[in-house]
Amino acid sequence: MFRNPTEQPCCATPNGNGCDQQFGGGIDVPSSSYSGNHNMDVTDAQLASELNALSVAERERVYDDVHGVAKAAEETPEFVAIKTRQLDEALSKIPKLRRQALDRALFLKPSIMADVKFKMMFLRHEHFNTTQAANRIAKHFTHKLEIFGEGKLVRRITLEDLDERCMNILTRGSMLELPNPDRAGRTTMYFDLGKFEWSDSPAMFRCFWYLIMATLEGEAAQRKGVSQVGFVPSGPSEGKMLHLKDVLVRAGNMDCLPLQQASVHLCIKSPEERSSWMSFFISWIRYSLGKQARLRLRIHFGSSVETKYSLLTFGIDCGDALDDEHAELGKAELAREWLMRRREAERLQEEATERREAESGVVLCPKPNDVLMGRGRPFRDFPGNHKWGLLIEDYVERYVNCETKFGKTCLSMEVVKTVHEYGGRFLQQTEGGWQVLDDAIARDKTLRAFRPRIMAKGYNGEVADKDRSKRMKRT
């Protein structure tokens, strides 16, 4: 949205319609055609302050990013080794109160500390500032725990992890990865704000998380960043506006993702582009983006054709996504093709993980239905352990009424088989991961797990009487 002093307007018309928002005076201070609104005055002042605070090199970096001519940092093996080691040191210095989710993640998946690819995502985003990268990693796990829960804290989020509401958002083409990269070879993400489920912001941001992390699986997206295009076909209705604040507050939590937003484009088709609601809407969009993305924001007003050609001046080809004719069918087809590619990629990733675990005998990451063997709250709070505990409670009465040790052993084995049936495994922590226990050990662990639950249910006296009567019969 900001123009370098030497930059010429990309698509200007005398009356300002159907073009990028332009700036006057020959300096990088934004002026708004709708600056009469107080909220926009405040936003423009903040934008001007942020831009003027940049050094010449930083301004050039913003300009180069927006136009796709920025160069990625050189990454030699020696440089990467030094930075990952410094990142480990920075992670160890994060205060305890801000690293609770991180510690939980390290407990579940100790191999994170050895995962160079994971660390490089955050280092590249922070331009190899290790302290900032460490803080972002801690925030990443904190927000992931809030959004997806502990069972998915250290696992790659896949389409199988998204519920029906999320899949409806994705299949409609509300947000997707366009098939054509921009002029610089960067991935282009497309968001149709008119199709957003404003009243269901949790589902929307689970989709947003999935899309971003799926895009970042490619090293090119990490090094070059991505281009983002948001399309606003018309102003939000009054009902949607009521949910806008909650949506944008949640959007602020997305700064935990290591996404380099190289350029951000907002295409507004509304004929009321200078109305008060649009001023309010753009103001909140600017605030929600964060400083780095806000500096790279460009706003395009006009028809679908006008905004489409305006984007081409920035090297972005949206294809038919912005076309009026057959646009809905085209976006749905793009979404279907993208989801098919994602499912195939996730299937191959899962097969590769299973092969590595089979060869090494070590499970790198527990699944939500797995049972973790150990004492203490870290084990007790895991979703698979909680589910296992509820299953045992269902068998307590049968266990108490069972007269023989063999019968109780059979009941424990029945519990183990039920866990296997719903996809769970019994795991013991080992160096670098988890080891799958055989059924005999799992059965014995389950047998011992009955005792505290029997006492908790008040069967203690009855069990003691039965044991006493058995001893008397033996004598």
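## Exercises on two sheets and their helices

In this predicted model, 4 bridges join strand E7 to strand E8 (residues 433-436), and these two strands run antiparallel. The exercises below start from that pair and then turn to the helices and to the other sheet.

**Exercise 1.** Work out the strand order of the open sheet that contains E6, E7 and E8, and explain why one side of E6 and of E8 is left without a neighbour.

*Solution.* Begin with the pair already given: E7 and E8 form a hairpin with 2 residues between them, and Gly 432 in the turn takes a positive phi of about 85°. Within this pair, Leu 427 has Val 436 in E8 as its bridge partner. Next, take the other neighbour of E7, for 3 bridges join E6 to E7, and these run parallel. Two residue pairs place E6 against E7: Val 371 stands opposite Phe 426 in E7, and Met 373 stands opposite Gln 428 in E7. Putting the pairs together gives an open sheet of 3 strands in the order E6-E7-E8, with mixed pairing. Because E6 and E8 stand at the edges and each has a single partner strand, one side of each lacks a neighbour in the sheet. The twist of this sheet averages 45° from one strand to the next.

**Exercise 2.** Check whether the end-to-end span of helix H18 (residues 405-421) agrees or disagrees with its number of residues, and find which elements its buried residues pack against.

*Solution.* The helix has 17 residues, and at 1.5 Å a residue, applied to one less than that number, the expected span is 24 Å; since the end C-alpha atoms are 24 Å apart, the two values agree. For the packing, first list the residues of H18 that fall under 20% relative accessible area: Gly 407, Lys 408, Leu 411, Ser 412, Met 413, Val 415, Val 416, Thr 418 and Val 419 are buried. Then follow their contacts, which lead to strand E6 (371-373), helix H17 (383-401), strand E7 (426-430) and helix H19 (439-456). Just after the end of H18, Gly 423 has a positive phi of about 90°.

**Exercise 3.** Describe how helix H7 (residues 164-171) packs with helix H8 (residues 201-215), giving the angle and the distance between their axes.

*Solution.* The two helices pack at an angle of about 65°, and their axes lie 9 Å apart; the crossing of H7 and H8 is right-handed. On the H7 side the contact is made by Arg 165, Cys 166, Ile 169 and Leu 170, which meet Ala 203, Met 204, Arg 206, Cys 207 and Tyr 210 in H8. Sorted by character, the residues of this contact comprise 7 nonpolar, no polar and 2 charged.

**Exercise 4.** Give the order of the open sheet of 5 strands, and state which of its strands are touched by H8 and which lie under helix H14 (residues 304-312).

*Solution.* The order is E1-E2-E3-E4-E5, with mixed pairing. Its edge strands, E1 (175-177) and E5 (297-301), each pair on one side only, and the twist averages 15° from one strand to the next. Further in, 7 bridges join E3 (residues 226-232) to E4 (residues 261-268), which run parallel, and Gly 230 has Leu 266 in E4 as its bridge partner. H8 packs on this sheet by touching E1, E2 (188-192) and E3, and its direction makes about 5° with that of E1. Helix H14, in turn, lies across E3, E4 and E5 and runs at about 145° to E5.

Methods
Residues numbered from 1 in each chain as written. Predicted model: local features only at pLDDT ≥ 70, side-chain atom pairs only at ≥ 80, totals over all residues. Heavy atoms only, no water. Buried < 20%, exposed > 50% of the residue type's maximum accessible area, 1.4 Å probe, protein only. Contact = heavy atoms within 4.5 Å. Pairing = 2+ DSSP bridges. Axes fitted to C-alpha atoms, helices over the stretch in contact; angles between N-to-C directions. Left-handed = near helix turned anticlockwise from the far one by under 90°. Nonpolar A, V, L, I, M, F, W, Y, C, P; charged D, E, K, R; others polar.
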